[in-house]
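User: I would like a close look at one part of this protein, namely the pairs of charged side chains. Please keep the wording plain.

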Amino acid sequence: MGSAAALSSSAATGRIVSINPATGVPLGDVPDMGADEVRAAVARVRAAQPAWGALSIKERCRRVGRFADVLMSRVDEVIELLVKEGGKTRIEALNMEVAVVADLVRYFSKHAPRLLAPEPIPLHLLRHRASYVHYVPRGVIAVIAPWNFPFSIPMGEVAMALIAGNGVVLKPSEVTPLIALKAKELADAAGLPPDLFQVVTGRGSTGSALIDAGVQYVIFTGSVATGKKVGAACGERLIPCTLELGGKAPAIVCADADLDRTAQALAWGAFANSGQVCCSVERVYVHEAVYDDLVDRVVALARSLRQGDASTGEVDVGAMAWDRQVDTVERLVDAAVKAGAKAACGGKRVVGPGQFYPPTVLTGVTQDMDVMRKEIFGPVMPIMKVSSEDEAVRLANDSHLGLLAYVFSRDTARARYMAEQIEAGTVMINDVLNTFGAPETPWGGVKMSGIGRTHSVIGLRDVCELRHVNYDRVSLPRELWWYPYRDRSYKLLLGAMKALFGKKPWRRS
Ligand code: NDP
């Protein structure tokens with residue numbers, strides 16, 4: 001992907017130009033790497049990984065922890081680049097990118113030794129033996145990342161993979177390569193072995209070359225369409241993978257919700273990062289008893305937001321990172337309005353330099369409209385009136401995606417009951433987006449939103465090979481079921497099985 005300008009200007013040179021989406025001004029260029037360069041990067045990582053994997057986990061945690069030190073000491077330059085290359089506001093660059101990585105690095109540096117410690121498995125039957133599982137590095141992990149959070153998504157995954165003892169090759173989106181190279185600069189400055197973590201810049205073909213370059217695991221974050229290709233490529237090579245794909249997060253507003261908090265949460269959930277968030281509030285189902293009141297509040301908030309280039313002053317909503325994404329948003333909104341929806345605010349692309357779409361609230365939408373079914377990935381909040389909470393849950397589940405979902409209610413028990421009926425990887429009650437910044441919680445979706453989880457103990461163990469060891473606590477001369485097969489052994493075994501598994505008066509089933 002990349003802006004049309006970036007693609008055309010780089011075609012002849014084999015380089016990709018990164019563009020400031022708020023101004024259209026080029027920021028720099030990077031090589032469009034081919035398969036040979038990708039294989040060479042993987043080979044460098046493969047050579048460096050065994051020594052790294054052989055260090056104690058505490059030592060690896062200590063060294064990866066230094067990445068957070070360097071990040072915080074150079075926070076201003078990282079934020080400046082995130083604002084310039086990603087079109088973000090400064091607060092979003094700080095909270096949703098830098099802080100997420102710094103906290104994740106600190107969390108796993110502290111807890112990974114415990115989370116990856118060998119675990120005994122008590123055996124219920126063969127008690128003269130014992131089992132345990134232990135976690136070993138997989139080798140070289142490929143991280144393929146999108147443009148919407150070009151720092152926090154890949155660098156959280158990179159840090160976890162390194163702590164687990166792997167080497168990593170990161171393929172950033174062609175829309176945001178400079179921030180990935182900045183991350184590599186920070187990793188080098190933190191004293192990590194220079195060959196252990198590599199960045200390969202390029203387009204989709206660079207990503208597919210990476211999957212083909214002999215890596216042991218792929219963590220892919222991106223669209224459903226590309227995710228299917230990545231899953232198929234991994235399947236062909238029998239490489240395990242995690243797929244973090246698109247979302248269409250529903251928000252259900254119950255009749256008893258705290259409307260002030262709910263309106264603020266929805267506005268932030270729909271418009272933060274210009275709506276380019278996989279867990280953005282993408283559709284809202286509001287109980288009819290509070291519908292008018294909630295819509296008024298949300299529209300007033302949306303109208304009050306200041307949009308613009310965050311490098312020139314205080315703004316609430318920045319630019320959209322990718323020009324083609326603005327076209328998608330425009331197309332979805334125009335089609336909805338043509339089909340009878342009303343833009344209560346916004347609804348028309350901003351004309352002028354830079355890529356901006358204004359915060360938009362759509363009312364009068366219906367469930368069959370594309371704006372309620374397809375991922376918008378822009379600052380648009382379609383709102384629909386429902387007559388009951390059951391109807392809201394049914395509509396929330398009427399989607400091929402299931403990443404995040406939100407429920408707003410003052411009745412926590414009822415909200416938790418509803419949350420458990422919703423088909424989503426995570427359901428938040430009275431809050432939005434934030435669990436991506438809680439590294440101990442699992443991140444990932446159900447249905448077409450993906451396979452597997454990043455973050456949490458699950459994500460950490462997934463970048464390891466799980467190995468099982470079974471050993472003897474008490475050594476016997478031989479086992480009863482070994483050769484030679486004798487009638488006496490058979491009778492003994494049968495008697496034991498009847499005693500263990502047969503019907504007993506005290507046994508319920
Ligand atoms: P894409 O699927 O277009 O691209 C993701 C990455 O894959 C990019 O680096 C891209 O490179 C690369 N790529 C493209 N084709 C291939 C291929 N054939 N093989 C390997 N890699 C390839 O997604 P976007 O960058 O547009 O990101 C937006 C999407 O990501 C949205 O759907 C969003 O919901 C989802 N997302 C999901 C998240 C989650 O946690 N579940 C979080 C954030 C975003 P290039 O860009 O150079 O083409």
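How many salt bridges does the count come to? Please describe some of them, then go on to the pockets, the cavities and the nonpolar surface.

Analyst: The model is a predicted one. Within it, the count comes to 30 salt bridges.

One of them joins aspartate 69 to arginine 106, with 2.5 Å between the closest N and O atoms. Aspartate 69 belongs to helix α3 (residues 57-73) and arginine 106 to helix α5, so this pair, 37 residues apart, links distant parts of the chain. Aspartate 69 counts as partly exposed because its relative accessibility is 40%, and partly exposed covers values between 20% and 50%. Arginine 106 has a relative accessibility of 41%, so arginine 106 also counts as partly exposed.

A second example is the salt bridge between the side chains of glutamate 174 and arginine 203, at 3.4 Å from N to O. Glutamate 174 sits in the loop between β6 (167-171) and α7 (177-189), and arginine 203 sits in the loop between β7 (197-199) and α8 (204-211); the pair therefore ties together parts that are 29 residues apart in sequence. Glutamate 174 and arginine 203 are both buried, a word that stands for under 20% relative accessible area.

A third example lies within one helix. Aspartate 293 and arginine 297 form a salt bridge whose closest N and O atoms are 3.0 Å apart. Both residues are in helix α11, and the 4 residues of separation amount to about one turn of the helix. Aspartate 293 has a relative accessible area of 35%, so aspartate 293 is partly exposed. Arginine 297 is likewise partly exposed, because its value is 31%. Elsewhere, Arg74, Glu77, Lys182 and Glu185 are joined into one network by salt bridges that share partners.

Next come the pockets. The second largest pocket has a volume of about 430 Å³. Its lining is made up of 21 residues, and those nearest the centre are Thr89, Ile91, Glu92, Val315 and Asp316. Three helices, α5 (90-115), α10 (259-271) and α11 (291-304), are the elements that each give two or more residues to this lining. Helix α5 supplies the largest share, 5 residues. Helix α5 is also where arginine 106 of the first salt bridge is found, and helix α11 holds the pair of aspartate 293 and arginine 297. By type, the lining of the second largest pocket divides into 11 nonpolar, 5 polar and 5 charged residues.

The structure also has 5 cavities of 30 Å³ or more. The second largest cavity has a volume of about 70 Å³. Its lining consists of Ile153, Glu157, Thr221, Glu244, Cys278, Phe436, Trp443, Thr454 and His455. These residues divide into 4 nonpolar, 3 polar and 2 charged.

The last topic is the nonpolar surface. Leu125, Leu126, Leu480, Trp481, Trp482, Leu492, Met497, Leu500 and Phe501 make a nonpolar surface patch of about 860 Å². One of these residues, leucine 126, is placed in the loop between β3 (119-121) and β4 (129-137). Leucine 126 has a relative accessible area of 37%, so leucine 126 is partly exposed. That value is over the 30% that a residue of a patch needs.

Technical notes
Residues are numbered from 1 along each chain as its sequence is written. This is a predicted model: local features need pLDDT of at least 70, side-chain atom pairs count only at pLDDT 80 or more; totals for chains, interfaces and linings use all residues. Side-chain values use heavy atoms; hydrogens and water are left out. On a 1 Å grid over the protein atoms alone, a cavity is a set of points where a 1.4 Å probe fits but cannot get out, and a pocket is an open set with protein on both sides within 12 Å along at least five of seven lines; lining residues have an atom within 4 Å of a point. Grid points are joined across faces, edges and corners, and a volume is the space filled by probe spheres set on the points. Ala, Val, Leu, Ile, Met, Phe, Trp, Tyr, Cys and Pro count as nonpolar, Asp, Glu, Lys and Arg as charged, and the others, Gly among them, as polar. Patches are made of residues with over 30% relative accessible area and no salt bridge: like charges are joined within 9 Å, nonpolar side chains (Val, Leu, Ile, Met, Phe, Trp, Tyr) within 5 Å. Accessible areas come from the Shrake-Rupley method with a 1.4 Å probe; for residues, only the protein chains shown count as cover. A salt bridge is a side-chain nitrogen of Lys or Arg within 4 Å of a carboxyl oxygen of Asp or Glu. Buried means under 20% relative accessible area, exposed over 50%, partly exposed in between (1.4 Å probe, protein chains only).
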